[in-house]
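Notebook open, model loaded. I want to go through one strand and its surroundings, then the metal site.

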Amino acid sequence: MTQADCIFCRIIAGELPSRMVHQDEVCVAFHDINPQAPVHILVVPREHVASLDEATFERRELLGHLLLTAARVANAEGLTRKSSGYRTVINTGAGVGQSVFHLHLHVLGGRPMSWPPG
Ligand code: 5GP
Ligand code: ZN
């Protein structure tokens, strides 16, 4: 289901511009507009799912697809476990920084990162 007021649904529909790096039947990936690392890409399901909390057991294939796509996109950017590595993040809820309520996975890399995250 597409939501007219959702910025990521509008990007997926081609109504808003983005720097796409991957598209398939299940998800898309594009550069974050406000990158927090040299590589910062968002992997976004075509289906409007508000957050990980709304991702039910029936969506397990979709969730696996998103993770595998994240790895593929990172590798395509030159990021691998054996090079500088990369971090995948899903913020769930405004309290931890979710600002767009359409499920998405951040792929960040290209600089050293500390742990735990802030
Ligand atoms: P969240 O804070 O929900 O985990 O992540 C939302 C991300 O979407 C943020 O990193 C933000 O910079 C990015 N973002 C918000 N609006 C747009 C947009 O219009 N285009 C793109 N490419 N990224 C966006
Ligand atoms: Zn949406």
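**Entry 1: pairing of β5.** A reminder to myself that this is a predicted model. I began with bridge partners: R87 is matched with L108 of β5. That fits the wider pattern, as β4 (residues 86-89) runs antiparallel to β5 with four bridges between them. Then I looked up β3 (residues 39-45), which also pairs with β5 in the antiparallel sense, over five bridges. On that side I noted V43, whose bridge partner in β5 is L105.

**Entry 2: burial of β5.** Which residues of β5 are buried on each side? I find L105, V107 and G109 on one face and H106 and L108 on the other, and they are all buried. For the strand as a whole, residues 105-109, that makes five of five buried. The split into two sets is no puzzle, because side chains in a regular strand alternate between the two faces of the sheet.

**Entry 3: around V107.** I listed the contacts of V107, skipping residues up to four places away in sequence. From V39 to V43 I get V39, H40, I41 and V43. The list also has A70 and A74, and then Y86, R87 and T88.

**Entry 4: the cores.** Which residues touch the most other members of the largest nonpolar core? The core has 15 residues, and the answer is A29, I41, V43, L66, A70, L105 and V107. At least two residues each come from β2 (27-31), β3, α2 (60-76) and β5. The biggest share is from α2, with five residues. Apart from this core there is another one, of ten residues, including C6, C9, L42 and V44. Nothing odd about finding such clusters: nonpolar side chains in soluble globular proteins tend to be buried together.

**Entry 5: the zinc ion.** Two names from that second core came up again here. The zinc ion (ligand 2) has C6 (SG), C9 (SG), H48 (ND1) and H102 (ND1) as protein donors, at 2.0 to 2.3 Å. I checked the angles among the four donor atoms: they are 105 to 118 degrees, and the site is tetrahedral. In sequence the donor residues follow C-x2-C-x38-H-x53-H.

Are the two cysteines buried or exposed? C6 has 8% relative accessibility, so it is buried. C9 is buried as well, because its relative accessible area is 3%. The cut-off I apply for buried is under 20%.

Conventions
Residues numbered from 1 in each chain as written. Chains lettered and ligands numbered in written order. Predicted model: local features only at pLDDT ≥ 70, side-chain atom pairs only at ≥ 80, totals over all residues. Heavy atoms only, no water. Buried < 20%, exposed > 50% of the residue type's maximum accessible area, 1.4 Å probe, protein only. Pairing = 2+ DSSP bridges. Donors = N, O, S within 2.8 Å, 3.2 Å for Na, K, Ca; no water. Tetrahedral: all angles 85-135°; square planar, octahedral: opposite > 155°, others 65-115°. Core = buried A, V, L, I, M, F, W, Y, C linked by side-chain atoms within 4.5 Å. Contact = heavy atoms within 4.5 Å.
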